[in-house]
Amino acid sequence: MSPRRALAISLAIAVVAGAGRAGAAFAAPGARAATHARTTRSPHPAPTRTPLPDSVLAVVDGDRVVGVSRFARGWQAIKPPARADSLTPQGARQFLDLLVEKELLAAAAERERWSWTEREQAQFDGLRDHLVIQAMLDSATEAVRRDLEVRGFHTRGSDTLGIVARDTAMVRLHASFDDSVCAKLARAWAALPRPTRQMSVFEQLRVLGQMPQVAPADTGRVVARSNEGDYRAADLLHAWYLLNPMYRPRIESASQIRDLAKNGLFERMLRREAARRHVAERPDIAEPLARQRELNDVTHYVDREIGHSIATDSLTLLRYYHRHAELWRLPLRLRYARLVLEDAEAANRMAVQLRDPGEADSLLAQAHRRGANWDGEVSEESDSTLFRRLMSAGVGTVLGPEPVQGGWQVTRVVTVVPARDRGFEEVRALVEHAWTTEEGERRMRGLLAKLRARSQVRINEPALARLVQAPPPGLVGAK
């Protein structure tokens, strides 16, 4: 992603706090494709003197409403310093201004047509599918719970109810499974490598993200047949690909493959039933989808109005680099090697080895070749307590073993790294990020001022004062 695109997204997220147009949150999600038409309206609706109700704090252009309930949800969701620490008159007004600015951007983006990226469309479709499936699953498990309780059984939790709902559906679908295909696929899944504690986080994620190796000729083989249609190995692989690697279960048996296929058939049935019942049009589903649509559109609008016009040529960045030379200077740092071992005896042996300079160098070199992440670096700015402790100990000193969560910690102070100024080419990416962020925020303030000047904004001052004096129950940060 380009720095400009990242800037547009961050600025849009900083302002967009939820759908606010009256009725917009209840629009049918299917009414909007990646490229969509907008209804044009006058940017200056006729002013009205009708008093605003107490539940409304502000109205933008006559039809975009910021209510008390959304103010409270936003206040609770956003933490300081993005908002004031407490609900004072000044803090409440500043936060209301933020919500009004969100509506100004959304109104401006709404008047045009936008084409989403493939990734944006895929994320939107994934969100809609997740919300629909979750709603249908909740409905199915609730039906199972009621049925069991009518029969006198005690329910034991949502996981158990979900399995009962799924297996009941398999009976209705007359699902049958090919044991030989399940066994063959189980061997492919069982062959997936496992992450280890010695791997770095990125290496563990890479291992978890690997797909089973299934021969192309086998992807069309039928795992299960049912009234809902055939479920093939390709369907199983696609479902596995979409599953977050962090939540993929370990699969080693044919029965577990059958469970995966059951899940796939069950979700297929739930999607069909959800389409028949128009579940995606329910307010609790349509509202978050409307927020995501709005965020995508505002991101494109901000990208065009701000991101594309920020110069990032070498001369511009070099001038910024020289104006803020102190930002690129590396402070005095200490490098250290730290290991955590499972028991005190092993940690004591490691401490003895690390106290010998020759053995320590050899161990660290071996660790680097294996990709083990033993190295650390600390400065006064990053962790003053650790920095001073290691600096007092001195280079070559071994600290520990010390008990920590997960075992015993041993630390060797490796070297002192002097402070130095980094050259422009070394920090060009950092310079570009800092420059585009600073300039983007400046231009965002200008854009918002322009939008506000050409829009009608009504603030319900009495309602805002009452909100501060008697905030809703549970409002975080209220006086």
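Which residues of H6 are buried? In this predicted model, the buried residues of helix H6 are Val181, Cys182, Leu185, Ala186, Ala188 and Trp189. They cover an arc of only 160° around the axis, which puts them on the same side of H6. The elements that cover these buried residues include strand E3 (176-177), strand E4 (222-225), helix H8 (233-242) and helix H9 (254-277). Helix H6 itself comprises residues 179-190. At 1.5 Å a residue, its 12 residues should span 16 Å, and the end C-alpha atoms are indeed 16 Å apart, so the expected and the computed span agree.

**The open sheet**

Strands of a sheet pair through backbone hydrogen bonds, either parallel or antiparallel. Here, four strands form an open sheet in the order E8-E7-E10-E9, with antiparallel pairing. Strand E8 (375-379) and strand E9 (398-404) stand at the edges; each has a single partner strand, so one side of each is left without a neighbour in the sheet. On average, neighbouring strands of this sheet are turned by 30° against each other, direction ignored.

Strand E7 (residues 333-341) is joined to E8 by five bridges, and the two run antiparallel. Within this pairing, Arg333 has Ser379 of E8 as its bridge partner. Helix H12 (residues 344-355) packs on the sheet, where it touches E7, E9 and strand E10 (407-417). The direction of H12 makes about 165° with that of E9.

**Aromatic pairs**

A search of the whole structure finds nine aromatic pairs. Two of them are set out below.

| Pair | Centre to centre | Angle between planes | Arrangement |
|---|---|---|---|
| Phe71 and Phe95 | 5.2 Å | 90° | edge-to-face |
| Tyr321 and Phe424 | 5.6 Å | 70° | edge-to-face |

The pair of Phe71 and Phe95 links distant parts of the chain: Phe71 lies in helix H2 (residues 68-77) and Phe95 in helix H3 (residues 89-110), 24 residues apart. Phe71 counts as buried because its relative accessibility is 0%, below the cut-off of 20%. Phe95 is likewise buried, with a relative accessible area of 3%. Ring pairs link Phe71, Trp75 and Phe95 into a cluster.

The pair of Tyr321 and Phe424 also links distant parts of the chain, with the two positions 103 residues apart. Tyr321 belongs to helix H11 (residues 314-323), whereas Phe424 is found in the loop between strand E11 (420-421) and helix H15 (428-453). Both Tyr321 and Phe424 are buried.

Definitions and conventions
Residues are numbered from 1 along each chain as its sequence is written. This is a predicted model: local features need pLDDT of at least 70, side-chain atom pairs count only at pLDDT 80 or more; totals for chains, interfaces and linings use all residues. Side-chain values use heavy atoms; hydrogens and water are left out. Two strands pair if DSSP finds at least two bridges between them. Axes are lines fitted to C-alpha atoms, for helices over the stretch in contact, and angles run from 0 to 180 degrees between N-to-C directions. Contact means heavy atoms within 4.5 Å. Rings of Phe, Tyr and Trp (its six-membered ring) pair if their centres lie within 6.5 Å; planes under 30 degrees apart count as stacked, over 60 as edge-to-face and the rest as tilted. Buried means under 20% relative accessible area, exposed over 50%, partly exposed in between (1.4 Å probe, protein chains only). The expected span of a helix is 1.5 Å times one less than its number of residues. The arc is that of the directions from the helix axis to the C-beta atoms.
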